[in-house]
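Pull up the model and turn it around a few times before reading on. We'll walk through it together, starting with the whole chain and ending with a few single residues.

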Amino acid sequence: CSAATAFVAFGLAALGSGVIRRKKASASARCVALRAENPRVAKLRSEPKTVKISPSILSANFAQLGEDVGNVLKAGADWVHVDVMDGRFVPNITIGPGVVGALRKAHPDAILDCHLMIVEPEQRVEDFANAGADIISVHCEAA
């Protein structure tokens, strides 16, 4: 398996633009995508563990998403939570990597925390990492 391939399955969660960490031991070996150091994630790893405020963009006005995200960051939000829904794993449909990429360009220093509520998340983890997600979480039952 190459370093460019991301594979998520039971007991795995992604953190830090594609770095996947095993939560529980599993019977079979898994391929893990490792990327160059992300300075935002490196900062997270060195900070003391504290409660973080991570408002979801689902409550934003999508017609002015970049501005709303800027406003919550100015108000003191630690991270920006991005709920990704595909209409299959959950009934709602929200956004994809394109919106994450646009948010990364508009807010290059923000921590983007992407929650993938999608079927077969292993098919999309790398897309979100490439778009600029700093933290990626998936549901093990979807993988």
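Let's settle one term before anything else: two residues are in contact when they have heavy atoms within 4.5 Å of each other. With that in hand, look at the contacts between residues at least 6 apart in sequence: 61% of them join residues at least 24 apart. Keep in mind that this is a predicted model.

How far does the confidence go? The average pLDDT of the chain is 80, and 74% of the residues score at least 70. The weak stretch is residues 1-32, where pLDDT stays under 50. The model still has 77 contacts beyond four places in sequence for that stretch. Where pLDDT is low, though, the coordinates should not be read in detail.

Now for the overall layout. You'll find four helices and five strands, and from the N terminus on they come in the order β-β-α-α-β-α-β-α-β. The chain has 143 residues, 43% of which count as buried. About 7700 Å² of the chain is exposed, with carbon and sulfur atoms supplying 56% of that area.

Next, head inside. The largest nonpolar core holds 22 residues, and those touching the most other members are Ile57, Val82, Val100, Leu116, Phe128 and Ile136. Two or more residues each come from helix 2 (65-74), strand 3 (79-85), helix 3 (97-106), strand 4 (111-117), helix 4 and strand 5. Helix 4 gives the most, with four residues. Leu116 is a handy one to click on: leaving out residues up to four places away in sequence, Leu116 touches Val84, Val125, Phe128, Ile136, Ser137, Val138 and His139.

From there, follow the chain out of strand 4. Strand 4 and strand 5 pair in the parallel sense, over four bridges, and Asp113 stands opposite Ile135 in strand 5. To get from strand 4 to strand 5 the chain passes through helix 4, and this β-α-β crossover is right-handed.

While you're in strand 4, stop at His115. Is His115 buried or exposed? Its relative accessible area is 18%, and buried means under 20%, so His115 counts as buried. Beyond its neighbours within four places in sequence, His115 is in contact with His81, Val82, Asp83, Val84, Ser137 and His139. The C-alpha atoms of His115 and Ile136 are 5.9 Å apart, although 21 residues separate the two in sequence.

Farther along is Gly132, in the loop between helix 4 (125-131) and strand 5 (135-138). Despite sitting in a loop, Gly132 is buried, with a relative accessible area of 9%. Which residues is Gly132 in contact with, leaving aside its neighbours within four places in sequence? They are Arg40, Val100, Arg104 and Leu112. From Gly132 to Cys114, 18 residues away along the chain, the C-alpha separation is 9.7 Å.

Last stop: helix 2. Its buried residues include Leu65, Asp68, Val69 and Gly70, and the buried residues of helix 2 pack against strand 3 and helix 3. Just after helix 2, look for Gly76, which takes a positive phi of about 115°.

Key: Residues are numbered from 1 along each chain as its sequence is written. This is a predicted model: local features need pLDDT of at least 70, side-chain atom pairs count only at pLDDT 80 or more; totals for chains, interfaces and linings use all residues. Side-chain values use heavy atoms; hydrogens and water are left out. Buried means under 20% relative accessible area, exposed over 50%, partly exposed in between (1.4 Å probe, protein chains only). Accessible areas come from the Shrake-Rupley method with a 1.4 Å probe; for residues, only the protein chains shown count as cover. pLDDT is the predictor's confidence in each residue, from 0 to 100. A nonpolar core is a set of buried Ala, Val, Leu, Ile, Met, Phe, Trp, Tyr and Cys residues joined through side-chain atoms within 4.5 Å. Two strands pair if DSSP finds at least two bridges between them. A crossover is right-handed if, with the strands pointing away from the viewer, the path from the first strand over the helix to the second runs clockwise.
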